[in-house]
Amino acid sequence: YMGNKAQSGFLLLDLMTRKGVREGIRHTYQVGNSAGDIQLFHLFDQTLKQNAITGHGDLSQQFGTIRASLVSDLRANAYQYAPQSKSFNTQLTLSRSRPGANTSLVLNQGINEVVTKTTNLHGNLTNRQQFGNRISMDNNFDFNSFNTGTQTTARLTSQTAFSRNEGKFDWTLSAQKLTDLSDEAFVGGGRFAGIERLPELALISDSGRLGKTLPFGLPA
């Protein structure tokens, strides 16, 4: 069916001799700065004697200099994956690009229920700032959390780096910090494996930039 020039959709029927009839709809649109693709399917499974539902959504929107996108997937008792299970996954992305600066925020949550219910949450915030053509600063914050209903395991990784181009060489000052946010951390128990970096200074160059070469003109 055609909604208008910017919107259209499909009504779908899957006829399966053993599973039954699956009904579905898919609708797409593009209006101004927004676009989307939405899908939803339902089946009363004749062999499992239960309703199976699957869905997918992919939406995007521009808010001035900020670009937002949302992607979601839903599965409940889907015979193609794992009967008698449920899952719902969503990812939200916000990005902004300006002269001399780029910022992005990605949030991802996954909820799965097979025997027990588990929840995964991941967030990442990244920012790169340019100060002229020779100096830049990068900051990254990465959060991970896993919940089983009785216990939460979580960690925040924070990174920063300041870089400068000196012509003959580059130098970078960087550091990384791990922060344990787990339930057991509050009673002095849990620690993640990983590397924490005190401020480190790195000098980077090559033979081409230094104007010198190894014997036989080999680069280094």
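Start by selecting Thr-118: this residue is buried, with a relative accessible area of 16%. Here buried means under 20% relative accessible area, exposed means over 50%, and partly exposed is anything in between, using a 1.4 Å probe and protein chains only. You will find Thr-118 in strand S9, residues 117–131. Helices (H or I, at least four residues) and strands (E, at least two) are DSSP runs, numbered from the N terminus.

Before moving on, a word about the model. It is predicted, with pLDDT of at least 70 needed for local features and 80 or more for side-chain atom pairs, while totals for chains, interfaces and linings use all residues. Residues are numbered from 1 along each chain as its sequence is written, and side-chain values use heavy atoms, with hydrogens and water left out.

Now show what surrounds Thr-118. Which residues is Thr-118 in contact with, leaving aside its neighbours within four places in sequence? Gly-110, Ile-111 and Asn-112 are there, and so are Phe-146, Asn-147 and Thr-148. Contact means heavy atoms within 4.5 Å.

**Zoom out to the chain**

Colour by secondary structure. The chain has one helix and 13 strands, and from the N terminus on the elements run β-β-β-β-β-β-β-β-β-β-β-β-β-α. The radius of gyration is 25 Å, well over the 17 Å that the globule rule gives for 220 residues, so the chain is more spread out than a compact globule. That radius is taken over C-alpha atoms, and the globule rule is 2.2 Å times the number of residues to the power 0.38. Along its principal axes, the C-alpha trace spans about 75 × 55 × 40 Å.

Switch on the surface next. The chain exposes about 14,500 Å², with carbon and sulfur atoms supplying 59% of it; these areas come from the Shrake-Rupley method with a 1.4 Å probe. Of the 220 residues, 23% count as buried. Among contacts between residues at least 6 apart in sequence, 34% join residues at least 24 apart.

**Strands S6, S7 and S8**

Select residues 66–76 and 86–98. These are strands S6 and S7, which pair in the antiparallel sense over 11 bridges. Two strands pair if DSSP finds at least two bridges between them. For a landmark, pick Ala-68, which stands opposite Leu-94 in S7.

Stay on Leu-94 for a moment. Is Leu-94 buried or partly exposed? Leu-94 is partly exposed, at a relative accessible area of 31%. Not counting neighbours within four places in sequence, Leu-94 is in contact with Ile-66, Arg-67 and Ala-68, and also with Thr-103, Ser-104 and Leu-105. Try a distance label from Leu-94 to Thr-47: the two are 47 residues apart in sequence and 43 Å apart in space, C-alpha to C-alpha.

Add residues 101–113, which form strand S8; 13 bridges join S7 to S8, and the two run antiparallel. The bridge partner of Arg-98 in S8 is Ala-101. Two residues lie between the strands in this hairpin, where Gly-100 takes a positive phi near 85 degrees.

**Back along the chain: Gln-62 and Lys-49**

Go to Gln-62 in strand S5, residues 50–63. At 24% relative accessibility, Gln-62 counts as partly exposed. Beyond residues up to four places away in sequence, Gln-62 touches Asn-33 and Arg-67. Its C-alpha lies 9.4 Å from that of Ala-35, and the two residues are 27 apart in sequence.

Next, select Lys-49 in the loop between strand S4 (34–45) and S5. Lys-49 is exposed, with a relative accessible area of 56%. Check its backbone too: phi is near 55 degrees, a positive value in a residue other than glycine. Most residues other than glycine have a negative phi.

**Last stop: S11, S12 and S13**

Select residues 152–165 and 170–180, strands S11 and S12, which run antiparallel and are joined by 11 bridges. Thr-160 has Ala-175 as its bridge partner in S12. Four residues lie between the two strands of this hairpin, and Gly-167 in the turn has a positive phi of about 90 degrees.

Finally, add strand S13, residues 197–204, which pairs with S12 in the antiparallel sense over six bridges. Which residue in S13 is the bridge partner of Asp-170? Pick Ile-204 and you have it.
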